[in-house]
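Take the structure below and follow how its helices pack. Then step back to the whole chain.

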Amino acid sequence: MQSNIFLKVAPLLKEKKYNFLAVLQFLDDYCKSSDWIYPVAIAEKTKVRIKDVYEVLEECAECDIVKRYLNIYCPHCCKLTNKTYDNYIAVPNKMLCPQCNKEITNCFEKLVVVYKVNAVRQ
């Protein structure tokens with residue numbers, strides 16, 4: 001990002017015992033306003049544990065840098081449906097996967113948290 005916005009979170013994470021800087025550097029290098037952030041992809045690229053990636057992203061959400069969304073994982077084709085929800089109430093109990101066209105049931109059990117970068121205010 002142009003303004004190193006994710007590095008604003010770094011002071012809040014100094015007490016942590018994991019490599020949060022690798023995650024923040026990845027976000028700063030590759031993410032810009034309105035980009036979707038997939039924690040699994042960050043964990044794979046940075047070799048940081050997924051739990052730690054989520055902790056960093058949750059701190060970013062608390063600072064209003066990113067917004068948390070819910071996406072449904074299809075157990076048939078192993079892809080995300082790319083239908084995002086900003087609260088649990090909006091999540092359907094069942095749906096058709098737009099990727100493989102198979103029915104997904106018990107959608108609440110197949111939720112994945114993803115994030116979207118908020119628009120940078122200059």
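In this predicted model, the buried residues of helix H2 pack against four elements: helix H1 (10-13), strand S1 (36-37), helix H3 (39-46) and helix H4 (50-62). H2 itself spans residues 20-30. Its buried residues are Phe20, Val23, Leu24, Phe26, Leu27 and Asp28.

Two of those partners, H3 and H4, also pack against each other. Their axes lie 9 Å apart, at an angle of about 120°. That angle makes H3 oblique to H4, because it falls outside the 65 to 115 degrees that count as roughly perpendicular and is not over 145. The crossing of H3 and H4 is right-handed.

Which residues of H3 and H4 meet? From H3 come Pro39, Val40, Ile42 and Ala43. From H4 come Ile50, Val53, Tyr54 and Leu57. By class, this contact of H3 with H4 has eight nonpolar residues, no polar ones and no charged ones.

Now the whole protein. Its secondary structure comes to four helices and six strands. From the N terminus, the order is α-α-β-α-α-β-β-β-β-β.

The protein has 122 residues, and 39% of them count as buried. Look at contacts between residues at least 6 apart in sequence: 53% of these join residues at least 24 apart. The C-alpha atoms fill a box of roughly 45 × 30 × 20 Å along the principal axes. The protein exposes about 7,500 Å². Carbon and sulfur atoms supply 50% of that area.

How values were computed
Residues are numbered from 1 along each chain as its sequence is written. This is a predicted model: local features need pLDDT of at least 70, side-chain atom pairs count only at pLDDT 80 or more; totals for chains, interfaces and linings use all residues. Side-chain values use heavy atoms; hydrogens and water are left out. Buried means under 20% relative accessible area, exposed over 50%, partly exposed in between (1.4 Å probe, protein chains only). Helices (H or I, at least four residues) and strands (E, at least two) are DSSP runs, numbered from the N terminus. Contact means heavy atoms within 4.5 Å. Axes are lines fitted to C-alpha atoms, for helices over the stretch in contact, and angles run from 0 to 180 degrees between N-to-C directions. Angles under 35 degrees count as roughly parallel, over 145 as roughly antiparallel, 65 to 115 as roughly perpendicular and the rest as oblique. A crossing is left-handed if the near helix is turned anticlockwise from the far one by less than a right angle, and right-handed if clockwise. Ala, Val, Leu, Ile, Met, Phe, Trp, Tyr, Cys and Pro count as nonpolar, Asp, Glu, Lys and Arg as charged, and the others, Gly among them, as polar. Accessible areas come from the Shrake-Rupley method with a 1.4 Å probe; for residues, only the protein chains shown count as cover.
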